[in-house]
Amino acid sequence: MESNIPWRTRCRAPFARLDRERAAAERTLAHIASQPAVSAKGGDLGPVAETLARLMRDCGLESTVMATAGAPIVFGRRKESDRVPTILVYGHYDVQPVEPISAWTSDPFTPQIRDGRMFGRGTADNKGQHIAQLLAIKAVLESSGRLPVNVVMIVEGEEEIGSPHLEQWVDEHAHLLKADFAYTSDGAIHPSGRPVVLCGARGLLYLELTLRVAPVDRHSGSFGGVSRNAALELVQAVSSLWDRDGEVAVPGFHDAVAEPTDLEKAAVEALPLTSPIHTSEMVTSSSDWFRRLLLRPNMNISGLGSGWTGPSMKTIIPASATAKLDVRLVPNQDPYDIARLITERLRSTAPEVEVNVISGVKPSRTPLDSPIVDRVSQAVEFAWEQPPLLYPSLAGSVPDFVFTSNLAIPSVIVPYGNADQANHAPDENLVLDYFHKGARTFVAVLHAFAPYESART
């Protein structure tokens, strides 16, 4: 009899429970967000992982902390039946560095609520988003005593440094990760306030370039005009990677780029542009904004270092220089193939430049016309009371490829964060109304797939 109840009706009781527990949910988020887990600085993230594992157990999942060669992965699951679908939920508990600390209004690891937002490192990226999934699971279990589907959950501690050990862990534990599809909440909703459903993510390649031309810096008066300048040579070498129009000029860079499908092109053209940056900051027209962000690769200089950058003056010729590049990739581009092409290009212009690959994350894409995407979109629309915008890809990078490639299952990304969340920046924040809507969204997702139960019985 219960299987004949419309799935939207089944959401009412857990929705009501979530509404009653809003204050407790916010306390849970503040507690988890107060624990530093800056993966870029190393250190032992085990205690943070153990805290999250306890939260999983409190929310009704079996949970264990599993070792990797780096930070541990928190694994959770609840199996209800072999006859219902399984959803694989992904999140990450590590966060970005907080520097410059002076730019924060309040301590980054002492979450504060101001004007309906919780401020603190990790509130939006990504603790608030996967905590919303856990609170949804708890609300459903407390309302009915069981889940309408099976759930497997993995929360890693190295996403902010490129997930270097996730793929190996997934391959080694694939038998634990059998699922009908993967579900991730990361990133932001549309600036207009409309929810979004994303069907993939761009890949990432992060490189560090180093050039040393002398054992020490030289006096620019005594040696100016006769000594090599590492800063000048590295800047010239890096600039050779682009043409005059700002397009990547590395031979072979675009060769593997997959042509977007007609559905992907149409989806991009339908997206409303509410730019978070001023027109003067743009290097492209508004009409080309989403095509470049979602369907095309690009390369960025994310850091330059050389010589004297302190106060007043120091007249030197730099002996060494470094540059950091991040490259966003689209389907069919392999980060390590691209690293090879960039290295070859630099060798032809500046053979002494050393290239170090810091991280490589493959791109991922799930077809927009997948039945999974349609069903998730229905759930999002019900929870948010407005239809979501459909994106072919996240502009940023998450390790979505381990699901679509390694596990060969569809994957969707449904963000709960606000567009102005300031993730990776001072005063990171999460609009609490979106946090609570995120929990409602996952309640709806859990129930939206329940009708498969009668079909498989």
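**Exercise 1. Identify which residues of H5 and H14 meet in this predicted model, and classify the packing of the two helices.**

Solution.

Step 1. On the side of H5, the residues in the contact are Gly128, Ile131, Ala132, Gln133, Leu135, Ala136, Ile137 and Val140. They meet Phe435, Gly438, Ala439, Phe442, Val443, Leu446 and His447 of H14.

Step 2. Sorted by class, this contact holds 11 nonpolar and four polar residues, with no charged ones.

Step 3. H14 covers residues 432–448, and its axis lies 8 Å from that of H5, at an angle of about 55 degrees. Angles under 35 degrees count as roughly parallel and those from 65 to 115 as roughly perpendicular. H5 and H14 are therefore oblique to each other.

Step 4. The handedness of the H5 and H14 crossing is right-handed.

**Exercise 2. Carry out the corresponding analysis for H2 and H5.**

Solution.

Step 1. Helix H2 spans residues 12–20 and helix H5 spans residues 123–144. The two pack with axes 8 Å apart and at an angle of about 120 degrees. The range for roughly perpendicular ends at 115 degrees, and roughly antiparallel requires a value over 145; H2 is therefore oblique to H5.

Step 2. The crossing of H2 and H5 is right-handed.

Step 3. H2 contributes Ala13, Pro14, Arg17 and Leu18 to the contact, and H5 contributes Leu135, Ala139, Val140, Glu142 and Ser143. The residues of this contact comprise six nonpolar, one polar and two charged.

Step 4. A comparison of the lists places Leu135 and Val140 of H5 in the contact with H2 and also in the contact with H14.

**Exercise 3. Determine the strand order of the four-stranded open sheet, and describe what packs on it.**

Solution.

Step 1. The order is S12-S14-S10-S15, with antiparallel pairing. Strands S12 (298–306) and S15 (354–361) are at the edges; each has a single partner strand, so one side of each lacks a neighbour in the sheet. From one strand to the next, the twist averages 15 degrees.

Step 2. The pairings can be followed across the sheet. S12 and S14 are paired over eight bridges, and Gly305 has Thr322 in S14 as its bridge partner. S14 is joined to S10 by 10 bridges, with Glu208 opposite Lys324 of S14. S10 (residues 203–212) pairs with S15 over seven bridges, and here Leu207 stands opposite Val357 of S15.

Step 3. Helix H8 (residues 230–239) packs on the sheet and touches S10, S12 and S14 (320–329); the direction of H8 makes about 20 degrees with that of S14. Helix H11 (residues 335–349) also packs on the sheet, touching S10, S12, S14 and S15, and its direction makes about 30 degrees with that of S10.

**Exercise 4. Describe the three-stranded open sheet and its relation to H14.**

Solution.

Step 1. The strands follow the order S4-S5-S19 and pair in the antiparallel sense. S4 (112–114) and S19 (429–431) are the edge strands, so each has one side without a neighbour in the sheet. Neighbouring strands are turned by 25 degrees against each other on average, direction ignored.

Step 2. S4 and S5 (residues 117–119) are joined by three bridges, and Met118 in S5 is the bridge partner of Ile113.

Step 3. H14 lies across S4, S5 and S19, and runs at about 65 degrees to S19. The helix that meets H5 thus also lies across this sheet.

**Exercise 5. Locate the unusual backbone values and assess the confidence of the model.**

Solution.

Step 1. Most peptide bonds are trans, and most residues other than glycine have a negative phi. The bond joining Glu99 and Pro100 is cis, with omega of about 0 degrees; Pro100 is in the loop between S3 (86–92) and S4. The bond from Asp125 to Asn126 is also cis, with omega near 10 degrees, and Asn126 is found in H5.

Step 2. Ala408 has a positive phi, near 55 degrees. Its place is in the loop between H13 (401–406) and S18 (411–413).

Step 3. The chain has a mean pLDDT of 94, and 95% of its residues reach 70 or more. Over residues 452–457, pLDDT stays under 50, and the model has 11 contacts beyond four places in sequence for them. Where pLDDT is low, the predicted coordinates should not be read in detail.

Conventions
Residues numbered from 1 in each chain as written. Predicted model: local features only at pLDDT ≥ 70, side-chain atom pairs only at ≥ 80, totals over all residues. Heavy atoms only, no water. Pairing = 2+ DSSP bridges. Axes fitted to C-alpha atoms, helices over the stretch in contact; angles between N-to-C directions. Contact = heavy atoms within 4.5 Å. Left-handed = near helix turned anticlockwise from the far one by under 90°. Nonpolar A, V, L, I, M, F, W, Y, C, P; charged D, E, K, R; others polar. pLDDT = per-residue confidence, 0-100.
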